Amino acid sequence: MSVRTRFAPSPTGYLHVGGARTALFNWLFARHHGGVFVLRVEDTDEARNTDEAKQAIFGGMRWLGLDWDEGPEVGGDCGPYFQSERREIYDRWFAKLVDADRVYEDGGAWRFRFDRRPVTMHDLVCGEVTIDYRDESNTPDMVVKRSDGSYVFHFVNVVDDLEMRIGHVIRGEDHLMNTPKHLQLIEAFGMEPPKYAHIPLILNPDGSKMSKRDEGAAVGDYPRQGFLASAVVNFIAMLGWSPKNDEEIFSIDELVSRFSLEQVNRAPARFDLEKCRWVNQQHVMKLDVAEFARVAKPFVEEAGLPIDGAFESVMAAVKDKVRVLSDVPKMVDFLLCDELVYDGEAMAKAGSNAAVWSVFEDLAARFEGIQDWSADAAKAALAEAAAAAGVKAGQMMFPLRVALTGRGQGPDMGDVLSILGKSRSVERVRAFRRKENNS
């Protein structure tokens with residue numbers, strides 16, 4: 001029998017990084033084993049469910065690349081895939097419990113009669129867990145059908161897993177204590193249970209449980225902030241899973257190949273947004289220049305910066321320094337725009353040595369005299385101007401950077417000189433000298 005896993009979100013809010021991690025682990029496990037990944041929607045909470053939340057979940061999964069083989073908008077043999085459309089199925093399975101005398105009415109609601117004995121589950125991550133049902137005061141019989149006729153989570157969750165032939169249930173550790181209840185229900189139905197794997201919780205760096213309000217919790221924020229989907233998948237995979245060596249950067253295909261439940265950690269995972277930015281940088285560095293230019297372009301356009309034929313060269317100059325794509329506009333604005341904004345601190349540092357200004361007196365003229373402009377020719381002109389003023393050329397590189405970029409750090413100066421070209425470099429050196437004269 002092929003592996004079948006599922007992700008069953010409730011559309012009451014955006015896709016949380018914890019839910020995305022659950023979906024990812026189920027998806028990776030199914031893909032690793034050549035199995036089936038099912039998406040079903042637990043939308044019976046009519047008061048809290050919204051279409052906007054449903055679309056946010058679907059959109060977040062698609063952005064991450066977590067395609068589903070069965071489910072909404074795809075179909076399959078085990079539908080419907082919305083719980084709100086499965087009432088007849090639940091009624092049929094509830095009737096089985098009635099026939100088996102495993103439920104009884106209590107104040108209009110219906111309770112499932114537990115078998116009063118210890119129940120042991122064998123979890124693929126947490127190991128052996130036992131709940132003793134002999135003390136009814138600690139484990140009262142469970143309501144499975146409310147007085148208004150609606151079914152509770154535990155009942156529909158079990159029925160759906162059985163109906164959809166789910167073989168592995170991979171879910172958060174917060175469901176661990178629910179599983180013995182589910183095992184009792186499955187046994188009452190006379191069915192074989194799936195294998196369970198409860199994955200560790202995700203905590204904030206301070207050890208508190210990560211909530212929907214915490215920074216980095218909403219998957220929908222990541223594309224807007226300029227993260228690559230491949231990097232976010234890589235980062236989320238490492239929240240609770242480890243290849244048991246020092247490797248940290250993986251493509252999606254590599255994760256599929258390497259993933260196993262045996263390598264899921266028992267301890268809670270610590271969320272670190274800075275680590276996610278670092279992972280993203282490693283993925284950006286792996287892009288070729290053309291692809292980087294393509295994914296960065298929308299952020300540059302949104303910032304209102306002009307894009308011309310030199311755009312790909314500009315992107316090549318900054319690619320390996322980019323952590324998230326939303327940083328790109330402020331890293332390249334001085335290369336794309338004629339107007340330059342000077343950083344005050346860098347300007348003060350550049351002009352602190354009077355020798356700077358004696359060099360810059362004739363540097364623009366030397367630049368202007370270069371017939372075949374190149375970065376090497378420009379640097380040679382700087383060396384000549386420095387020698388004429390009796391200073392070392394190395395001392396002039398920082399002032400030249402500030403003159404050409406308006407800031408104290410950025411791309412390699414060779415790239416800056418090449419991209420700006422002769423006329424803009426001349427103009428900026430002169431503007432820099434005028435600015436100091438007027439200060």
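These exercises, each with a worked solution, concern a predicted model.

**Exercise 1. Cys-78**

Place Cys-78 in the fold, decide whether Cys-78 is buried or exposed, and list its contacts beyond its sequence neighbours.

Solution.
- Start with the secondary structure. Cys-78 lies in a loop, with helix H2 (51–64) before it and helix H3 (87–99) after it.
- Next, take the accessibility. The relative value for Cys-78 is 5%. Buried means under 20%. Cys-78 is therefore buried.
- Then set aside residues within four places in sequence. The contacts of Cys-78 that remain are Arg-4, Glu-70, Arg-86, Glu-163, Met-164 and Arg-165.
- Finally, look at a distance between C-alpha atoms. Asp-160 is 82 residues from Cys-78 along the chain, and their C-alpha atoms are 9.0 Å apart.

**Exercise 2. Aromatic pairs**

Classify the ring pair Trp-241 and Phe-250, then the pair Phe-367 and Trp-373.

Solution.
- Two quantities are needed. An aromatic pair is described by the distance between ring centres and the angle between planes.
- The whole structure holds 18 aromatic pairs. For Trp-241 and Phe-250, the centres are 5.8 Å apart and the planes meet at 65°, so this pair is edge-to-face.
- Check the burial of both partners. Trp-241 has a relative accessible area of 1% and is buried. Phe-250 is buried too, at 1%.
- Now take the second pair. Phe-367 and Trp-373 have centres 5.2 Å apart and planes at 90°, so they are also edge-to-face. Both residues are buried.

**Exercise 3. A cluster and two charges over rings**

Which residues form one aromatic cluster with Trp-93, and which charged side chains lie over Trp-93 and Phe-25?

Solution.
- List the cluster. Trp-93 belongs with Tyr-90, Phe-94, Trp-110, Tyr-151, Phe-155 and Phe-189.
- Look above the face of Trp-93. Lys-96 lies there, 3.8 Å from the ring centre.
- Turn to Phe-25. The charged end of Arg-21 sits over its ring, at 5.5 Å from the centre.

**Exercise 4. Two strand pairings**

Give the sense of pairing for E3 with E4 and for E8 with E9, and name a residue match in each.

Solution.
- Strand E3 (residues 103–106) and strand E4 (residues 109–112) are antiparallel, with 4 bridges. Tyr-104 has Arg-111 of E4 as its bridge partner.
- Inspect the turn. The E3–E4 hairpin has 2 residues between its strands, and Gly-107 takes a positive phi near 65°.
- E8 and strand E9 (residues 195–199) are parallel, with 5 bridges. Gly-172 stands opposite Ile-199 of E9.
- Add the burial of E8. Its buried residues number 5 of 5, so E8 is largely enclosed by the rest of the structure.

**Exercise 5. The largest pocket**

Find the volume of the largest pocket, the residues closest to its centre, and the element that gives the most to its lining.

Solution.
- The largest pocket encloses about 1,400 Å³.
- Its lining has 44 residues, and those closest to the centre are Ala-8, Pro-9, Ser-10, Glu-42 and His-175.
- Sort the lining by element. Strand E1 (4–7), helix H1 (17–32), H3, helix H4 (153–163) and strand E8 (168–172) each give two or more residues. H1 gives the most, with 4 residues.

**Exercise 6. Helix H12**

How many residues of helix H12 (residues 328–336) are buried, and which are they?

Solution.
- Count first. In H12, 7 of 9 residues are buried, and the helix is mostly covered.
- Then name them: Val-328, Pro-329, Met-331, Val-332, Phe-334, Leu-335 and Leu-336.

Note on methods: Residues are numbered from 1 along each chain as its sequence is written. This is a predicted model: local features need pLDDT of at least 70, side-chain atom pairs count only at pLDDT 80 or more; totals for chains, interfaces and linings use all residues. Side-chain values use heavy atoms; hydrogens and water are left out. Buried means under 20% relative accessible area, exposed over 50%, partly exposed in between (1.4 Å probe, protein chains only). Contact means heavy atoms within 4.5 Å. Rings of Phe, Tyr and Trp (its six-membered ring) pair if their centres lie within 6.5 Å; planes under 30 degrees apart count as stacked, over 60 as edge-to-face and the rest as tilted. A charge sits over a ring if NZ of Lys or CZ of Arg is within 6 Å of the ring centre and within 35 degrees of the ring normal. Two strands pair if DSSP finds at least two bridges between them. On a 1 Å grid over the protein atoms alone, a cavity is a set of points where a 1.4 Å probe fits but cannot get out, and a pocket is an open set with protein on both sides within 12 Å along at least five of seven lines; lining residues have an atom within 4 Å of a point. Grid points are joined across faces, edges and corners, and a volume is the space filled by probe spheres set on the points.
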